[in-house]
Amino acid sequence: MKPLIEKVQKLSLAAKHSTCQKSFLNNTVRDIDCQSMVQKMTNITPEMLGVTSREDPYHFAGPLNRVTIDCNEQDYRLVLFFIKKGTRMPLHDHPNMAVFFRLVFGELNYVSYDKLDDKFKYNDFADDEYAEMLDVGKRIKAKKSKPMSIKEGSMLYVRPSVQNMHEFVAQENSCFFDICLPNYTPVSHERRITYFKETGANELNTARGGTTELEYYTTPPVLPTNFSVNELEYRGALM
Ligand SMILES: [Fe+2]
């Protein structure tokens, strides 16, 4: 685990010192250190993460369980999620961030979205405007992917400008890595998570993807109705 953490830290510093963070994060997949980080993620097994089985009662105690392996406030976050079969991860964004996601085991049904207007895509508004948008349930246009199935070992690359938002439902008990560069932060609304409701779903865009409409719903500490995250201690290897 230590070599992976060191790669995350190195990438985080490179992102911080890049002249344009947005373009650095949009292009990280081409970066040699990023490829090496992904390779290290790929080599990690459930056993190394301290997972005893796919029914492991510790890691699947609640519908959605989060283990923080390493985190540096605003700079990066390396976490594991354990999501029980049948649980929905509600639609949320990752504004101005890159996220490296690897499904360690299980299967997820997944749909990704991108906001169409740059102002909303990059959270380019003031704090009080954001509060107002949540208050009135502001509706915006977004592009939606066709429904996909993520199988064991699959990677997802969330970037500031591409595949930035998603929703998924666990088809099996599933475990995935989530490495965020930089981390979400309540300090700046530019990197605050928002949960959305899809108000523009229809038969066509649900089957094939296309333009839809999303409504600003909520941001922590208020989580979507019937949704909570159970925090767990890491039980895997650190070295
Ligand atoms: Fe996410």
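This report walks through the fold, the core and some backbone details of the structure above.

The model is predicted, so to speak of local features a pLDDT of at least 70 is needed, side-chain atom pairs count only at pLDDT 80 or more, and totals for chains, interfaces and linings use all residues. Residue numbers start from 1 along each chain as its sequence is written.

**Overall fold**

Let us begin with the whole chain. The protein has 6 helices and 13 strands; these are DSSP runs numbered from the N terminus, with helices being H or I over at least four residues and strands E over at least two. Along the principal axes, the C-alpha atoms fill a box of roughly 45 × 40 × 30 Å. The radius of gyration is 17 Å, which agrees with the value near 18 Å for a compact globule of 239 residues. That radius is taken over C-alpha atoms, and the globule rule is 2.2 Å times the number of residues to the power 0.38.

Among contacts with a separation of 6 or more, 79% join residues 24 or more positions apart; a contact here is a pair of C-beta atoms, placed from the backbone, within 7 Å.

**Burial and core**

Of the 239 residues, 28% are buried. A residue is buried with 20 or more other C-beta atoms within 10 Å of its own, exposed with 12 or fewer, and partly exposed in between, the C-beta atoms being placed from the backbone.

The largest nonpolar core holds 44 residues, and V8, I179 and L181 have the most contacts inside it. Strand β10 (residues 174-181) gives the most to this core, with 6 residues. Such a core is a set of buried Ala, Val, Leu, Ile, Met, Phe, Trp, Tyr and Cys residues joined through C-beta atoms within 7 Å.

Leaving aside residues up to four places away in sequence, L181 touches L11, S12, A15, L25, Y76, M97 and A98. L181 also leads into a cis peptide bond with P182, and P182 sits in the loop between β10 and β11 (195-198).

**Backbone details**

Here are the cis bonds and positive phi angles together.

| Site | Feature | Angle |
|---|---|---|
| L181 to P182 | cis peptide bond | omega near -20 degrees |
| P220 and P221 | cis peptide bond | omega about 15 degrees |
| N96 | positive phi, not a glycine | about 60 degrees |
| Q163 | positive phi, not a glycine | about 50 degrees |

P221 lies in the loop between β12 (210-218) and β13 (230-232). N96 is in the loop between β3 (88-92) and β4 (98-105), and N96 is buried, with 21 other C-beta atoms within 10 Å. Q163 belongs to the loop between β8 (155-158) and β9 (165-170); with 17 C-beta neighbours inside 10 Å, Q163 counts as partly exposed.

Notes
Two residues are in contact if their C-beta atoms, placed from the backbone, lie within 7 Å.
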